[in-house]
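Me: I've just opened this one and would like a quick tour. Can we go through it in short questions and answers?

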Amino acid sequence: TNIEGMIQNAAAADAHLKEVQSDATIQPKLTEQTIVGARANLEAAQAGLKALKDSLDLMLQSTNPQNTVSAQSAYDQAKVQAENSERNVSRQRALLVKGFVAQQVVEQAQTDCDVATAHLRDVKIKLDQIEQTNKLTEANLRSQIANADSVVRQQQAALVQAESSVLPADKMHELTSARAALAQAKAQLAAARAGKTQDQMRKD
């Protein structure tokens, strides 16, 4: 009958409302879990970024300067030694011309000069390598910092999104609609039952 159909409609509307209410109850819990996870991810990303920045600061303020200063000092000393050796060769050759020293003395001075020049070349190569390594290490760290900073911004956005979805507007609208549908179904059923009662009374 018509009333039986209305009863079924009311039952269906009631079941739908309960389902929507259940979703509306579960949604905040799921959202809270999402917020906790997003906050943990953000904190981890921020910690990683800070560690990289600390490493860069340490490298720029301590590690690189110490390495460079040591290599630069060795180069400066080698350069002075090489220059002194060159001057000594010139001096010994001048003395040889005047007959004040033997050829062997000049040859020894030249050998010493060659050794000093070779040493200067070696420490210059080492200094250049250290400076190049420092530049590459710094560039690599700065690249990692840029990537880590990007991850932090992504996690910040994820947290904002999670915090703004406690109960989405469409879910609230669905809940309101379900309540209205149930109320309408109950009203129609009540009206139909009242009409049937009146008809029965007239017949009596």
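Reply: Sure, and one definition before we start: contact, or touching, means heavy atoms within 4.5 Å. Keep in mind too that this is a predicted model.

Me: With that in hand, which residues does Asn64 touch, leaving out residues up to four places away in sequence?

Reply: Asn64 has its place in helix H1. Its relative accessibility is 10%, and buried means under 20%, so Asn64 counts as buried. Leaving out residues up to four places away in sequence, the residues it touches are Met59 and Asn134.

Me: Let's zoom out. In what order do the elements run from the N terminus on?

Reply: The chain has three helices and zero strands. From the N terminus on, that gives the order α-α-α.

Me: How sure is the predictor, and in which helix is confidence lowest?

Reply: Over the chain, the mean pLDDT is 87, and 87% of the residues reach 70 or more. Confidence is highest in H2, at 95, while the lowest mean is 76, and that belongs to helix H3 (residues 169-203).

Me: Which helix gives the most to the largest nonpolar core?

Reply: That core has 14 residues, and among those touching the most other members are Leu49, Leu56, Ile145 and Val152. Helix H1 (2-98) and helix H2 (103-163) each supply at least two of the core's residues. With eight residues, the helix that gives the most is H1.

Me: Take Val152 from that core: which residues does Val152 touch, not counting residues up to four places away in sequence?

Reply: Val152 is one of the core residues that touch the most other members. Nonpolar side chains tend to be buried together in soluble globular proteins. Not counting residues up to four places away in sequence, Val152 touches Leu42, Ala45, Gln46 and Leu49.

Me: How many residues make up the second, separate core?

Reply: Its members include Ala116, Val123, Leu127 and Ile130. The count for this second core is nine residues.

Me: Val123 turns up there. How far apart in space are Ala74 and Val123, C-alpha to C-alpha?

Reply: Ala74 sits in helix H1, and at 32% relative accessibility it counts as partly exposed. In sequence, Ala74 and Val123 are 49 residues apart. In space, C-alpha to C-alpha, the distance is 6.7 Å.

Me: On to charges. How many salt bridges does a search of the whole structure find?

Reply: Side chains of opposite charge can pair when their charged atoms come close. One such pair is Glu138 with Arg142, where the closest N and O atoms are 3.0 Å apart. Both of these residues lie in helix H2, four residues apart. For the whole structure, the search finds five.

Me: Is Lys50 buried or exposed?

Reply: Lys50 forms a salt bridge with Asp54, with the closest N and O atoms 2.9 Å apart. The two lie in helix H1, about one turn of the helix from each other. Asp54 is partly exposed at 39% relative accessible area. For Lys50 the figure is 51%, and over 50% counts as exposed, so Lys50 is exposed.

Me: And what is the N to O distance in the salt bridge of Asp149 and Arg153?

Reply: Asp149 and Arg153 are four residues apart in helix H2, so about one helical turn separates them. Asp149 counts as partly exposed at 27% relative accessibility, and Arg153 is partly exposed too, at 47%. Their side chains meet in a salt bridge with an N to O distance of 2.3 Å.

Methods: Residues are numbered from 1 along each chain as its sequence is written. This is a predicted model: local features need pLDDT of at least 70, side-chain atom pairs count only at pLDDT 80 or more; totals for chains, interfaces and linings use all residues. Side-chain values use heavy atoms; hydrogens and water are left out. A nonpolar core is a set of buried Ala, Val, Leu, Ile, Met, Phe, Trp, Tyr and Cys residues joined through side-chain atoms within 4.5 Å. Buried means under 20% relative accessible area, exposed over 50%, partly exposed in between (1.4 Å probe, protein chains only). pLDDT is the predictor's confidence in each residue, from 0 to 100. A salt bridge is a side-chain nitrogen of Lys or Arg within 4 Å of a carboxyl oxygen of Asp or Glu.
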